[in-house]
Amino acid sequence: MNTINTIDCRQQFEEVLKVYGVNGAMARVEPYGNGHINDTMLVTPADGRRPFILQKINTAIFRQPTHLMENVHKVTEWIRKKMCSEKGSAGQEALRIVPTTDGGLYCSLREDIFYRAYEFVEGVCLDLPRNKEDFYESGVAFGRFQRYLSDFPVEELYDTIPDFHNTEKRFEALLMAVEEDRVGRAAAAADDIAFALSEKDAVDACMECKRKLPVRVTHNDTKLNNVMLNPASGKAVCVLDLDTVMPGYAMDDFGDAIRFGASNALEDEKDLSRVWMDMDMFEVFTEGFLSAAEDGLTPEEIRQFPLGAKMMTYECGIRFLTDYLQGDVYFKTGYPEHNLVRARNQFALVKDMNRKMEEMKRIVEAKLKP
Ligand code: ADP
Ligand code: GN1
Ligand code: MG
């Protein structure tokens, strides 16, 4: 849950809203969505103007918000053009930045305080798919995203978070956090740390595999709740959360989506007997993603999707664990053990994926075009 102390922030919101031509004293501003990173608000102006999304960018994580907004602007304009020229794209949207009154992409109050606004996209955003169709559609949305950007000049994008999906660097960060044990939590997480370390060979194999794959423009945060679905038709409307669009690997976009949406349970489910990968969900996502992206991907990239699923789940697990050991400085948390619960949950899923690896490979292989 996006918890923001709106009363404390009220004065700042009013200042920002003025830059967007809105009388903040009269507008309704409510925390919105379930993102772990930015402060997201739904703003409903009193003057009848359409509601919009206002986000305070997390500048502790995104150190160059101006670069980030340039990326988002370029990518959304590019996708919009592609949609216009493609038949069958009715009902699809690309995120639209609301400019400030003087045409800016963001509003900066101070060196480290950045806000940006997006037009509100109508629809439903889910933390768990309600059925196979939801997950299939999210696969279509991310597959399409991949295809629309397949000829975007990748060198034009900034790395908004360097080494974001460099699992080896994430592993090293975990080792450092264990060694430092800054807040004295390592003992409580000893078994979890041991599991993380036991997968070191998989980290090396994944790094080796990526060296042979093409670098693409990827989303890098392909959670189901970063896609908007049309509540009436169930079709994907829009891919959200473009902060991490940068050079990356298709296997990571595929994998991160499986990590989140093919799990039987929420990312922070404590009852680990409920945490396992649903192979039907795996299969429908593969179908949806490939139906929309396949022509732009090589068979070798597609063959690495099962490894992507496992490694993105593992990587997310070690990121949660590292954050727990560092005192919850990165992800938003709802209670003190939240990151540990999330890490255990992700590791339970990795274990299930290890058991199901051959089955995943068979499904993917069967979907490759002859
Ligand atoms: P975070 O980086 O913190 O995850 P997101 O950009 O994903 O932030 O936004 C958090 C949530 O807010 C999304 O999961 C979605 O529910 C909602 N949201 C974000 N942008 C929009 C938008 N333009 N229209 C409607 N809802 C949105
Ligand atoms: C964060 O921003 P959000 O909530 O969509 C994180 C992802 C993690 C995810 C885990 C910029 O995603 O990398 O996989 O939490 N985003 C960033 O739920 O770190
Ligand atoms: Mg998000």
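**Exercise 1. Find which side-chain atom pair links N226 to ligand 1, then describe how covered the ligand is.**

Step 1. An N or O atom in the side chain of N226 sits 3.0 Å from an oxygen atom of ligand 1, a polar contact (a pair of N or O atoms within 3.5 Å).

Step 2. Alone, ligand 1 exposes 550 Å², of which the protein buries 96%; areas come from the Shrake-Rupley method with a 1.4 Å probe.

Step 3. Backbone N or O atoms also take part: that of N38 is 2.9 Å from an oxygen atom of ligand 1, and that of E119 is 3.0 Å from a nitrogen atom of ligand 1.

A note before going on: this is a predicted model, where local features need pLDDT of at least 70 and side-chain atom pairs count only at pLDDT 80 or more. Residues are numbered from 1 along each chain, and side-chain values use heavy atoms.

**Exercise 2. Work out where ligand 1 lies relative to domain 1 and domain 2.**

Step 1. Ligand 1 is surrounded by 20 residues, each with a heavy atom within 4 Å.

Step 2. Both domain 1 (2–119) and domain 2 (132–367) contribute to this shell, so ligand 1 lies between them; the bounds come from an automatic or database domain assignment.

**Exercise 3. Identify side chains that hold polar atoms beside oxygen atoms of ligand 2.**

Step 1. For E267 the distance is 2.5 Å, and for Y330 it is 2.5 Å.

Step 2. R319 places a polar side-chain atom 2.8 Å away.

Step 3. Ligand 2 alone exposes 440 Å², and the protein buries 98% of that.

Terms used:
Chains are lettered from A and ligands numbered from 1 in the order in which they are written. A polar contact is a pair of N or O atoms within 3.5 Å; within protein, one must be able to donate a hydrogen and the other to accept it, and residues adjacent in sequence count only if both atoms are side-chain atoms.
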